[in-house]
Amino acid sequence: PPLREIIGQREEAALVSEAPPGFASLVGRAVVLALIFSPPMLLSWLAWLWPFFRNRVWYRMLTASLARAGTAFIKWGQWASCRPDVFPTAMCAALASLHSQAPRHGWRHTEREVREALGAPVDQLFEDFERRPIASGSIAQIHRAVWLNQTVAVKVRHPAVVRRIVTDFTLMRAASDLLARLFGVSGLRASVTQFSGTMVAQTRLDVEAEHLRRFGWNFAAWRDVRFPRVLAASEAVLVESYEAGELVSTYTTDLTLGVSSGSGGADPLSREEAHFVVSRGEDLYLKMLLLDNLMHADLHPGNILLRRARRYGRNSLALLDVGMVARLTRREADAFIGFLNAMGAGDGAAAARCVLRFSDSQACTAREEFEADMSDLFRRTCRGYGTGIQFGEVLRGVLALVRDRGVAIDANYMTLVTNVLCLEGMAGTLVPEYNVLDAARPLLDAHRALPRPLFRLAMPLVASLKRVKDRVCR
């Protein structure tokens with residue numbers, strides 16, 4: 001592995017030296033947020049009554065408010081835009097712009113941060129540096145540049161983003177405590193705390209560089225999967241190789257919802273290309289889960305680039321934005337893998353027992369009732385491999401039972417669930433006949449049958465057999 005050890009998520013968050021906000025700062029920020037969200041809040045009644053206004057105006061107002069509110073809210077909007085199975089399609093269409101068109105900072109800030117990070121002015125370090133960013137996200141924006149005769153991407157953190165995140169999550173924790181006292185909403189503070197640690201750690205671009213090195217090591221043998229190479233990194237600036245290609249969201253969210261992510265004019269995917277994106281995307285997810293215990297926590301189509309064979313010689317994928325990761329313990333990985341195996345066997349009771357392991361501090365007292373409910377759900381919707389399981393429908397049913405029975409789920413498990421739902425949604429758009437669970441069976445069966453060291457050796461062969469099976473089924 002890389003020379004430096006990957007540090008834990010809590011240690012990453014502790015690297016961010018930002019003092020807790022004072023009372024005056026919290027009150028001021030609360031007032032600002034109230035003003036930012038007042039237009040959509042005040043007009044929510046009209047949006048509820050008038051669908052035309054809701055779809056054409058109100059969702060855009062909500063998107064603009066989320067963009068102005070800052071990092072935490074933009075991140076939620078990015079996630080929601082990839083979930084047309086959960087939110088209205090018009091809402092997803094409006095939120096999709098947050099993937100690459102979040103608010104941008106000015107050139108002076110970029111120039112200052114690059115000079116402080118790399119020790120020299122921009123014009124001395126780079127042969128060319130585009131002042132206009134090619135994309136902007138919740139944490140940073142990206143400029144294209146030429147450095148040492150190679151095209152690179154320079155990621156520069158937005159100003160005051162750390163202070164804003166710390167303040168917003170302090171407010172969210174206070175709100176979660178209030179909801180717990182007034183309405184008995186349990187587990188909300190724990191989930192906010194877990195997510196805030198992940199978001200705070202993401203503000204350090206040198207931590208993202210460490211993630212890139214680890215993923216590059218984990219997938220070094222995969223010729224059709226790549227991660228950007230780290231060339232230089234500091235807390236606020238990351239210089240990495242520029243990865244060309246087309247965002248997969250161009251063919252999922254964008255084409256389905258009729259919006260544009262800015263990649264512009266892409267030809268429709270062939271059947272072979274669409275199948276490659278889906279099947280290889282599933283292979284990525286399974287390797288991260290079954291072997292690496294390190295999961296890209298933002299694995300939606302807006303962070304996956306397709307490099308098409310017609311231009312690059314072979315189809316390949318490039319994964320971007322690895323600031324957020326889920327570092328899985330063996331216990332967490334085994335519990336989720338057990339849940340997937342229970343789905344493959346159509347065993348609702350076993351699935352329920354696995355879900356009850358999804359938190360180190362499980363507060364559910366109605367365990368027998370939850371197990372009975374899961375058994376009933378599986379009898380209706382999940383009869384096992386080869387029965388045409390609608391994976392997303394089953395997972396949404398499970399999450400509804402989790403909510404109804406007060407089952408706690410820790411943040412890493414929700415990352416696994418969210419990623420697999422994004423994968424299932426991508427498959428449903430690009431290759432509707434592709435069954436995510438059936439396709440995963442060879443790797444899941446091999447993982448269950450073989451000792452871990454043997455499975456690691458056998459995985460390339462099993463993955464090859466999976467691809468052969470995928471082609472035959474196609």
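# Helix pairs, a small sheet and a buried alanine

Helix α15 (residues 330-345) packs against helix α19 (residues 411-430) at an angle of about 40°, and their axes are 11 Å apart. Keep in mind that this is a predicted model. Below we look at that helix pair, then at another one, then at a sheet of four strands, and finally at A209, a residue in helix α11.

**Helices α15 and α19**

- An angle of about 40° is neither under 35 degrees nor in the range 65 to 115, so α15 and α19 count as oblique to each other.
- The crossing these two helices make is right-handed.
- On the α15 side, the residues in the contact are R331, E332, A335 and F336, and they meet N412, Y413, L416 and V417 of α19.
- Sort those contact residues by type and you get five nonpolar, one polar and two charged.

**Helices α17 and α18**

- Helix α17 covers residues 367-381 and helix α18 covers residues 391-404; their axes come within 10 Å and cross at roughly 160°.
- Angles over 145 degrees count as roughly antiparallel, and that is why α17 and α18 get this label.
- Here, too, there is a handedness to note: α17 passes α18 in a right-handed crossing.
- From α17, the residues F370, D373, M374, L377, F378 and T381 take part, meeting E393, V394, G397, V398, L401 and V402 from α18.
- This contact divides into eight nonpolar, two polar and two charged residues.

**The four-stranded sheet**

- Read across the open sheet and the strand order is β5-β11-β10-β8, with mixed pairing.
- As background, strands of a sheet pair through backbone hydrogen bonds, and they can do so parallel or antiparallel.
- β5 (225-226) and β8 (246-247) are the edge strands, and each has a single partner, so one side of each has no neighbour in the sheet.
- β10 (residues 304-307) runs antiparallel to β8, and two bridges join them.
- β10 also runs antiparallel to β11, this time with four bridges.
- L305 of β10 is a handy landmark: L247 stands opposite it, and so does A318 in β11.

**What covers the sheet**

- In a regular strand, side chains alternate between the two faces of the sheet.
- In β10, I304 and L306 are on one side while L305 and R307 are on the other, and all of them are buried, with both faces of the strand covered.
- Helix α13 (residues 271-292) lies across β5, β10 and β11 (316-319), and runs at about 50° to β11.

**A209 in helix α11**

- A209 belongs to helix α11, which spans residues 205-218.
- Its relative accessibility is 0%, and buried means under 20%, so A209 counts as buried.
- Leaving out residues up to four places away in sequence, A209 touches V230, A233 and L238.
- A209 and R229 are 20 residues apart along the sequence, and their C-alpha atoms are 8.6 Å apart in space.

How values were computed: Residues numbered from 1 in each chain as written. Predicted model: local features only at pLDDT ≥ 70, side-chain atom pairs only at ≥ 80, totals over all residues. Heavy atoms only, no water. Axes fitted to C-alpha atoms, helices over the stretch in contact; angles between N-to-C directions. Left-handed = near helix turned anticlockwise from the far one by under 90°. Contact = heavy atoms within 4.5 Å. Nonpolar A, V, L, I, M, F, W, Y, C, P; charged D, E, K, R; others polar. Pairing = 2+ DSSP bridges. Buried < 20%, exposed > 50% of the residue type's maximum accessible area, 1.4 Å probe, protein only.
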